[in-house]
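Student: Could you take me on a close look at one part of this model, the backbone spots with unusual torsions, and then link that to the ligand site? I'd like one connected walk-through, please.

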Amino acid sequence: MSLTDYFVRKPEFEIVALKTADLPQAAAIHKLRFTPAWSDGELHSLLTQDTVFGFIARQSNAYTRPFISQPLVGGFVLSRVAAGEAEILTIGVDPRFSRLGLGWRLMRAALREARDQAAETVFLEVDETNTAAVGLYRKLGFAKVGERRAYYQGVNGAKTAALVMRLDLG
Ligand SMILES: CC(C)(COP(=O)(O)OP(=O)(O)OC[C@H]1O[C@@H](n2cnc3c(N)ncnc32)[C@H](O)[C@@H]1OP(=O)(O)O)[C@@H](O)C(=O)NCCC(=O)NCCS
């Protein structure tokens, strides 16, 4: 391996359970992708609930030096399971790593864990204008089961509907 390879390496990612120590990096991604963003404190109060779990995409080929650098986080997902129903609370992928399959892999991990925790259905809400997320959810098999009109307020003040989507884990 050349010296350049050490520093300019195409990141590869593994999907691992989200731990509280990862929350500052998860909050940084949330801030890039959502307004208002959730702070690491808010994410912490969710993740420490018994019913809540999450996954992160963590760089698996990082060249790190202890205490100096840490592996990149490409995205994360947070979900809740209660009484046989799961909910996707949030998912975000760092825009630098968009369309590389991380959203798909994070969702697949969350759905697998939800099934392992005896969830039979998964629900989520998504802005109808969010083409990327709606595309991801449809590709995973989610279908629209409801709509909340004028639910989100866009930056230009226009209100958009939230689609309620469901996937049966069967
Ligand atoms: C939605 C999001 C998580 C997708 O993550 P991603 O890693 O870029 O998506 P993936 O590469 O895994 O894409 C999986 C599938 O989703 C769909 N998709 C993803 N981005 C898309 C886009 N920009 N336009 C249309 N479809 C898209 C496609 O079906 C894609 O499959 P394909 O690449 O084989 O066509 C990401 O765009 C994001 O973080 N958005 C901002 C936060 C957000 O909106 N979260 C959801 C709130 S409900």
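Tutor: Let's start in the loop between β3 (73-82) and β4, which is where A83 sits. Bear in mind that this is a predicted model. A83 is not a glycine, yet its phi is positive, at about 50°. How accessible is A83? Its relative accessibility is 87%, so A83 counts as exposed.

A118 invites the same kind of look. This residue is found in the loop between α4 and β5. Its phi is near 70°, again a positive value in a residue other than glycine. With a relative accessible area of 52%, A118 is exposed; the cut-off for that word is over 50%.

One further backbone feature belongs on your list, and here the torsion to check is omega. The peptide bond that runs from T35 to P36 is cis, with omega near -5°. P36 itself is part of the loop between α2 (23-33) and α3 (40-47).

Now to the ligand. Where does the ligand sit? The space it takes is the largest pocket. Which elements give two or more residues to the shell around it? They are β4 (85-93), α4 (102-116), β5 (121-127) and α5 (131-140). This brings back some names from above: the A83 loop leads to β4, and the A118 loop lies between α4 and β5. The element that gives the most to the shell is α5, with six residues.

In total, 21 residues surround the ligand, and the closest are V93, G101, G103, N130 and K139. By residue class, the shell divides into eleven nonpolar, six polar and four charged.

For the polar contacts, begin with N130, one of the closest residues. An N or O atom in the N130 side chain is 2.6 Å from an oxygen atom of the ligand. The backbone takes part as well: a backbone N or O atom of R99 lies 2.8 Å from a ligand oxygen, and a polar backbone atom of L100 is 3.2 Å from an oxygen atom of the ligand. As for how much of the ligand is covered, the protein hides 77% of the 930 Å² of accessible area that the ligand has on its own.

To pull the tour together: A83 and A118 both have a positive phi, the bond from T35 to P36 is cis, and the ligand takes up the largest pocket, with α5 giving the most residues to its shell.

Technical notes. Residues are numbered from 1 along each chain as its sequence is written. This is a predicted model: local features need pLDDT of at least 70, side-chain atom pairs count only at pLDDT 80 or more; totals for chains, interfaces and linings use all residues. Side-chain values use heavy atoms; hydrogens and water are left out. A residue is near a molecule or strand if one of its heavy atoms lies within 4 Å of it. A polar contact is a pair of N or O atoms within 3.5 Å; within protein, one must be able to donate a hydrogen and the other to accept it, and residues adjacent in sequence count only if both atoms are side-chain atoms. Accessible areas come from the Shrake-Rupley method with a 1.4 Å probe; for residues, only the protein chains shown count as cover. On a 1 Å grid over the protein atoms alone, a cavity is a set of points where a 1.4 Å probe fits but cannot get out, and a pocket is an open set with protein on both sides within 12 Å along at least five of seven lines; lining residues have an atom within 4 Å of a point. A molecule sits in a cavity or pocket if more than half of its atoms lie within 2 Å of its grid points. Helices (H or I, at least four residues) and strands (E, at least two) are DSSP runs, numbered from the N terminus. Ala, Val, Leu, Ile, Met, Phe, Trp, Tyr, Cys and Pro count as nonpolar, Asp, Glu, Lys and Arg as charged, and the others, Gly among them, as polar. Buried means under 20% relative accessible area, exposed over 50%, partly exposed in between (1.4 Å probe, protein chains only).
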